[in-house]
Amino acid sequence: MDMHEFYSGNSFDAYQYLGCHITASGAVFRTFAPAAQKIAVTGDFNQWSETFMNKVHDGNFWECEISAAKPGMKYKYRIYGQDGYFVDHCDPYGFGMELRPHSSSVIRDLTDYRFCDDEWMASRDDRKDKPLNIYEIHAGSWKTDPTKENGWFNYSELADRIIPYVKELGYNYIELLPICEHPCDNSWGYQNTGFYSPTSRYGTMNELKQFIDKCHQNQIGVILDFVPVHFAIDDYALSNYDSTPLFEYPNADLGVSEWGSKNFNHSRGEVRSFLQSNASYWLKEFHFDGLRMDAVSNLIYWQGNIKKGVNHNAVDFLKSMNSGLKSLYPQCMLIAEDSTAFPNVTESVENGGLGFDYKWDMGWMNDTLSYMSGNTLHRKKNPDKLSFSMMYYYDEKFLLPFSHDEVVHGKMTILQKMNGKYENKFPQARALYMYMYAHPGKKLNFMGNEFGQIREWDEKREQDWDILEYPNHDSFQKFMKDLNHLYLEHPGLWALDYEKNGFQWLNCNQKKCIYCFLRTDGTQKMIAIFNFSRKSVLYRLKMKNTEALGLLAASDHEKYGGNVSYGTNKIYHDTSGTFLIRMGAFSAKYLLV
C-alpha cells in the first residue's frame, strides 16, 4: 500500500496491508488509528490478555506480530483514547467476524482458496449488448433448513440448491443483498460492522468463494449489493474508532443518516481508500462480477435531499472509485441505485459522468406499478404512465428493477399490487412482466415474484414455496420460466437496449389501455402488444411489406392459467396489409415479424 495514495484517497489495495495477515511466523496485525493513545491486540492466542502494538510509519499506524495467532482464532483491538479509557473494537479491515450478538474479528487466510472459474473470468463482460436477467435474493430467506438452529444454509449449500433453480427458471445472474457482517438481521445487511467480513450467518470466507465459483462454473454471474454510504452505530465497530470520529462526520447534522446509522465522511482520503479498497476486495478476492451500490442519491446530495445541494466531496469519491474500479476490472458491472435526476450517472468519468454502467430506473418502476394498481378507469385517465419512461430512457443506461424494496413494509408484493380480486391479479401480472421484458433495459426480479408470492417478504422466513401447490401460482411460475428463457434467447429484446433504433412505438398514449411497440436487434423484429383493459378487443395493426406475423408468446395461454390455446390464437390480415389480432382482457402478445 502506498501511503501517499492512502491519505489522498486513491488507494485500492489498503486491505492488503491493513488488517490481520498470515505470515510464515504467525500473523501480523495492523490498524490505522491516529488519535489513539495506545492499542493492544487481545484474542484466543493470548488468552484475551493485552499484546501492545507499536506505532509505525508516521505514527498513525499501529502494528504487531504474534506467533501464536492462527486462522480461525478470534481477536479485537483494545483502543485507548487520550482520556485513558478504552473500547474493544473489531478490525475495520478484518476478513472474518463471529456470529451476532458476538463481535470479535476472526483471522482468515486470503490465499488458501483456489478458484476454478478461469473460463468464466476470461469471457465475462458488462452485458451492454447481451441479456442481463438478475434474480435478487436474500441468502437467509430464499430457502431454509429446518434441521438447523437458524435455518440458514451456508454459502456453498445455498449454491447447490439455487443454481439448478436459477438455470431452470431462466435467470443468468444472481444478486445478493449485502453480505458484509451486520449485527441486526432485519437490517438485511444494509447497516454493516464488518465491511471486509462475509457474514458468518452463512459460513466462512471460503464457502462464499465456493458459492461464486460454483455459479461461474454453471454460467451464472454474481452481483453484490454494496453499501458505501453509512455504517452501523455499534461502538465495537467503526463508530469513534480511535476515540474520535475517524470514519464519520464530527457533527450529527451531517453524521447521522435517515436510517439512524452514521454517514461516512467522504471528504477524508483515508475513508475513501477504505471504501474503494473494500469494493476492489470483493471484485478481486471473491470474483464478484459487479457491485450494485446502495443509496447513491445519499452520496450525490447531502442526506439524500436535493434541497440541501450536491455533496461534491462524495460525488468526487464516486467518480474516483468508479474510474479506478473500471480500470482495474473493466469487465465488471457497476450499478447505481439512484432515484434522482442527477445527470450522466452512467456516463464515463472521462466524459464528465459518474462512471456507472447501469442505473436502476426507479421512475419506470413507480409509474408502472402505479398504473397496474389502478382500475381500468384510472388507467384510461393516466395513459402516459406507461409511455413516459421512453421520454427519458436514453438519458442513461437503465436497468428495470422489481426489487426487495417493493415487496416490504406495507407496500404489498408485486402480484398483490395488481388491481382487483385474487383471480384477476394473475392475468394482469403476466401482462405486466411481458411489458417489463419487452421494454428496453436490463432486468431484475426479487425472489418470490416469479411464482406470485402473496405475503410480503420477511427476512425471518423462507419464501412460501408451498404456494406452488395452487394452480394459479404454479402456472404463473411456468409463465415466468418461459418468459425468462424467451428473453435470453431472442436478441431483439436486448441487443440494442441502449440504441434508439432498437425500439419504436407503434401505438402509445392509448386511452383504451392498448399499447404496441417494436423491438429489434437490426435483424430480428418483434412486436409487443398489450391490452391492460378488462375488455377483449380486436386490435388492428398496419404493417407495410409484411405478409405474416408469427405468434411467439401469449400471456393468456391456457397453460399459464389463461383461457386461450395457441390453436385459437390466430392472427389474420386483410388485403390492405392490416393484421387483426384478438387481444383478451389483461393480455399481452409477442409477435415475430
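1. Two strands count as paired here if DSSP finds at least two bridges between them. The model is a predicted one. By that criterion four bridges join strand 22 to strand 23 (residues 514-520), and the two run antiparallel. Within this pair, glutamine 504 faces leucine 518 of strand 23.

2. The pair belongs to an open sheet of five strands, ordered 22-23-24-29-26, with antiparallel pairing. Strand 22 (503-507) and strand 26 (550-554) are its edges, each pairing on one side only. From one strand to the next the twist averages 25°.

3. A further open sheet has four strands in the order 1-2-6-5, and its pairing is antiparallel. Here the edges are strand 1 (19-23) and strand 5 (54-56), each of which pairs on one side only. Neighbouring strands are turned by 30° against each other on average, direction ignored. At the strand 5 edge, three bridges lead to strand 6 (residues 61-66), in the antiparallel sense. Valine 56 has phenylalanine 61 in strand 6 as its bridge partner.

4. Strand 18 (residues 333-336) is covered on both faces: Met333 and Ile335 on one side, and Leu334 and Ala336 on the other, are all buried. Strand 17 (residues 290-293) is joined to strand 18 by four bridges and runs parallel to it. In that pairing leucine 291 stands opposite leucine 334. Strand 18 also pairs with strand 19 (residues 358-360), in the parallel sense, over two bridges. There, isoleucine 335 has tyrosine 358 as its bridge partner. Leu334 and Ile335 are thus named both among the buried residues and in the bridge pairs with strand 17 and strand 19.

5. Helix 14 (residues 422-438) packs against helix 15 (residues 471-489) at an angle of about 10°, the axes lying 11 Å apart. The two helices are therefore roughly parallel. Helix 14 contributes Tyr422, Phe426, Ala429, Arg430, Tyr433, Met434 and Tyr437 to the contact, while helix 15 contributes Asn472, His473, Phe476, Phe479, Met480, Leu483, Asn484 and Tyr487. Sorted by class, these comprise 11 nonpolar, three polar and one charged residues.

6. Helix 4 (residues 205-217) has 13 residues and reaches 18 Å from its first C-alpha to its last, close to the 18 Å expected at 1.5 Å a residue. Its buried residues are Met205, Asn206, Leu208, Lys209, Phe211, Ile212, Asp213, Cys215 and His216. The cover over them includes helix 2 (118-123), helix 3 (155-169) and helix 6 (269-286), together with strand 11 (173-176), strand 13 (194-198) and strand 14 (221-226). After the helix comes glutamine 219, with a positive phi near 60°.

7. Which loop holds tyrosine 202? Tyrosine 202 is in the loop between strand 13 and helix 4. Tyrosine 202 counts as buried because its relative accessibility is 5%, and the cut-off for buried is under 20%. Outside its neighbours within four places in sequence, the contacts of tyrosine 202 are His138, Ala139, Gly140, Trp152, Phe153, Asn154, Tyr155 and Glu207. One of these, tryptophan 152, lies 50 residues away in sequence but 6.3 Å away in space, C-alpha to C-alpha.

How values were computed. Residues are numbered from 1 along each chain as its sequence is written. This is a predicted model: local features need pLDDT of at least 70, side-chain atom pairs count only at pLDDT 80 or more; totals for chains, interfaces and linings use all residues. Side-chain values use heavy atoms; hydrogens and water are left out. Axes are lines fitted to C-alpha atoms, for helices over the stretch in contact, and angles run from 0 to 180 degrees between N-to-C directions. Angles under 35 degrees count as roughly parallel, over 145 as roughly antiparallel, 65 to 115 as roughly perpendicular and the rest as oblique. Contact means heavy atoms within 4.5 Å. Ala, Val, Leu, Ile, Met, Phe, Trp, Tyr, Cys and Pro count as nonpolar, Asp, Glu, Lys and Arg as charged, and the others, Gly among them, as polar. Buried means under 20% relative accessible area, exposed over 50%, partly exposed in between (1.4 Å probe, protein chains only). The expected span of a helix is 1.5 Å times one less than its number of residues.
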